[in-house]
Amino acid sequence: MTRLGGDPSRWGLRRWRAPWGVVTLVALSFGFWGIFSVLSLAANWEPVSAHLDMLWRFILADVIGAFLSIGIAWRLSEVRHWNAPTRLLLAATLSLVAVTLYAGLAAFLIAPMRPDRLDGVAAGIHVLQMMFKHYWIFIAHAGFFLLLDQDRPAPPAEQAATARYHAVRTAILGQDEAVPGMDARWFWTFQSVFWGAMLVFSSANAINSGESPLNIWRIGVAESSGLILTALAHYVFLKPTRHWPLYRRAALALACAIVLTLGYITAIWAAYYVVFPVEAPLRNGEPINIGFSFLLYAAPRWIFLNFPVFVGWSGFYLALDTTRRLRIQERQLYNSIMLAQESQLKMLRFQLNPHFLFNTLNAISSLLLDKRNDEADAMLTRLSRFLRFTLDVAPDDQLPLNQELDAQRLYLDIEATRFGDRLQVDIDVDPRVEMALVPTLILQPVLENAVKYAVSRTIEPVRVEVRATLSEPGRLQISVRDSGGGYGAVPAAGAGVGLANIRSRLDVLYGHRASLEAGPTGEGGFEVVMDLPMETIRKSGEE
């Protein structure tokens with residue numbers, strides 16, 4: 001016997017314990033459909049008032065619509081790990097299925113209230129008209145749900161599904177676009193405000209021109225098509241080209257505005273003259289043909305009137321997207337400066353600790369006692385130059401790789417004097433990357449770990465290798481590898497202060513465009529590999 005109280009996830013109850021909850025979702029859906037039902041009753045009160053005993057049929061139809069909308073929202077909450085365009089496509093598909101069911105049931109329920117009895121083809125046309133009229137209601141409900149559901153946390157099971165989805169997507173398509181801009185919440189807020197204002201303005205203008213208020217739904221269809229078309233332009237063309245220069249994006253946005261205007265006027269023609277045709281305009285006292293030829297005839301004038309709308313949308317879009325990107329970059333730069341300063345202070349306090357200075361000064365003292373004055377003087381000079389470098393460089397600076405390596409050679413020369421033949425250094429740099437920009441002192445924690453955990457723990461020679469090359473066009477790869485001296489790798493290497501600081505600095509400076517991998521090698525040593533975007537200094541001095 002099947003128990004209904006079994007695993008809740010089998011019945012979808014898991015989702016009702018998710019952030020929304022059944023009460024919130026039901027309140028949203030019935031409130032949304034309740035407003036629509038009141039407006040619909042007000043618009044059709046004359047035929048409804050003649051059949052008040054059948055009013056329950058009218059209300060029941062909208063209750064069915066509310067339950068169908070709840071079902072759409074429930075399904076959309078199951079796929080929060082999908083990206084925004086895919087969820088929008090699913091919402092449009094589910095809304096089409098829901099409005100088909102709704103139109104069929106509503107036509108059956110309301111049929112006794114109609115003065116004429118429809119059957120056959122006429123009944124089918126009536127159902128299609130109801131589908132077209134109510135489809136935007138399901139879409140609007142799903143859109144509001146997606147807008148409010150943007151930043152809802154997901155349960156652990158869904159988080160695991162999200163991780164698997166992104167792993168597969170990254171394997172197939174590569175990393176997401178790392179250039180920041182408007183996120184989903186910003187974009188859909190902008191869309192709602194812009195097209196909501198257009199709906200209010202167009203409706204007021206139509207009523208002021210003497211058009212019947214019953215035609216407002218046609219204006220809603222036209223503005224909804226504008227919202228959908230601009231959303232497609234955002235996800236297909238404008239968002240993937242954020243790395244383009246602004247003038248190229250402006251040209252692309254202008255081209256999109258032309259195409260969007262053509263789609264928009266086609267939607268107006270369909271709403272007014274195809275699906276629910278209004279009375280045909282007169283020419284020389286005779287109704288004109290309102291078919292496709294009429295669209296071609298009216299297109300120049302309609303394009304002239306509506307093209308500025310999409311030019312305005314493009315201008316607002318680019319302004320908001322660029323502003324958002326600049327704000328994010330400013331925040332990243334600020335975080336980078338703060339983190340770099342903290343990293344530098346930690347390095348001076350913990351990494352360049354008294355033990356390093358004491359050991360170096362003791363080594364200098366030993367050299368002096370052995371009458372090896374030239375070596376002691378050279379070691380003291382290297383120590384002075386290295387300390388001066390660490391104090392002179394700004395925490396938020398980037399400097400060419402060859403300068404970073406020069407400073408690290410000073411450090412390694414000091415340690416080589418202490419450990420003698422136990423420390424063997426091999427630095428190999430591709431000439432193509434010598435002028436590549438890297439964060440200041442980014443290699444210092446890695447090299448110090450190699451000395452601290454590999455060289456100082458063995459009497460065997462340890463080889464430290466530094467490699468810098470182009471991993472692929474536009475990518476700089478730097479690796480630091482030690483042989484380990486036969487004593488194995490550092491336990492929990494990724495948990496140290498040094499590597500944690502490097503990861504944090506790379507994250508705030510480059511985001512997804514940089515990576516750091518660290519782990520033991522097969523020969524018992526340890527290796528750290530950094531992969532960065534290739535940035536250089538142009539002759540003009542600009543990065």
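The expected span of a helix is 1.5 Å times one less than its number of residues. The legends below refer to a predicted model.

**View 1. Helix α4, residues 55-77, and its agreement with the expected span.** Helix α4 holds 23 residues, so a span of 33 Å is expected at 1.5 Å a residue. The C-alpha atoms at its two ends lie 34 Å apart, in agreement with that value. The buried residues of α4 are Arg57, Phe58, Ala61, Asp62, Gly65, Ala66, Ser69, Ile70, Ile72, Ala73, Leu76 and Ser77.

**View 2. The aromatic pair of Phe187 and Tyr317.** The aromatic pairs of the model number 15. In one of them, Phe187 and Tyr317 meet edge-to-face, with 6.3 Å from centre to centre and 85° between the planes. This pair links distant parts of the chain, since Phe187 belongs to helix α8 and Tyr317 to helix α11 (residues 292-351), 130 residues apart. Phe187 counts as buried because its relative accessibility is 0%, and Tyr317 is likewise buried, with a relative accessible area of 0%.

**View 3. Phe190 and Phe194 within helix α8.** The ring centres of Phe190 and Phe194 are 5.9 Å apart and the planes stand at 50°, so the pair is classed as tilted. Within helix α8 the two residues are four places apart, about one turn of the helix. In an α-helix there are 3.6 residues a turn, so residues three or four places apart point the same way. Phe190 and Phe194 are both buried. One aromatic cluster comprises Phe187, Trp188, Phe190, Phe194, Trp195, Tyr235, Tyr264, Phe310, Trp313 and Tyr317.

**View 4. The surroundings of Gln191 in helix α8.** Helix α8 covers residues 184-208 and includes Gln191. With a relative accessible area of 0%, Gln191 is buried. Apart from neighbours within four places in sequence, Gln191 contacts Gly196, Leu227, Thr230, Ala231 and Trp313.

**View 5. A nonpolar surface patch that includes Val236.** Ile228, Leu232, Val236 and Phe237 make up this patch, and together they have about 370 Å² of accessible area. Val236 is located in helix α9, which covers residues 216-238.

**View 6. The surroundings of Leu447 in helix α15.** Leu447 lies in helix α15, residues 444-455. Leu447 counts as buried because its relative accessibility is 2%, which falls under the 20% limit. When residues up to four places away in sequence are set aside, Leu447 touches Gln408, Tyr411, Leu412, Val464, Val466 and Val480. Of these residues, Gln408 is 39 residues away along the chain, and its C-alpha atom is separated from that of Leu447 by 8.1 Å.

Methods. Residues are numbered from 1 along each chain as its sequence is written. This is a predicted model: local features need pLDDT of at least 70, side-chain atom pairs count only at pLDDT 80 or more; totals for chains, interfaces and linings use all residues. Side-chain values use heavy atoms; hydrogens and water are left out. Buried means under 20% relative accessible area, exposed over 50%, partly exposed in between (1.4 Å probe, protein chains only). Contact means heavy atoms within 4.5 Å. Patches are made of residues with over 30% relative accessible area and no salt bridge: like charges are joined within 9 Å, nonpolar side chains (Val, Leu, Ile, Met, Phe, Trp, Tyr) within 5 Å. Accessible areas come from the Shrake-Rupley method with a 1.4 Å probe; for residues, only the protein chains shown count as cover. A salt bridge is a side-chain nitrogen of Lys or Arg within 4 Å of a carboxyl oxygen of Asp or Glu. Rings of Phe, Tyr and Trp (its six-membered ring) pair if their centres lie within 6.5 Å; planes under 30 degrees apart count as stacked, over 60 as edge-to-face and the rest as tilted.
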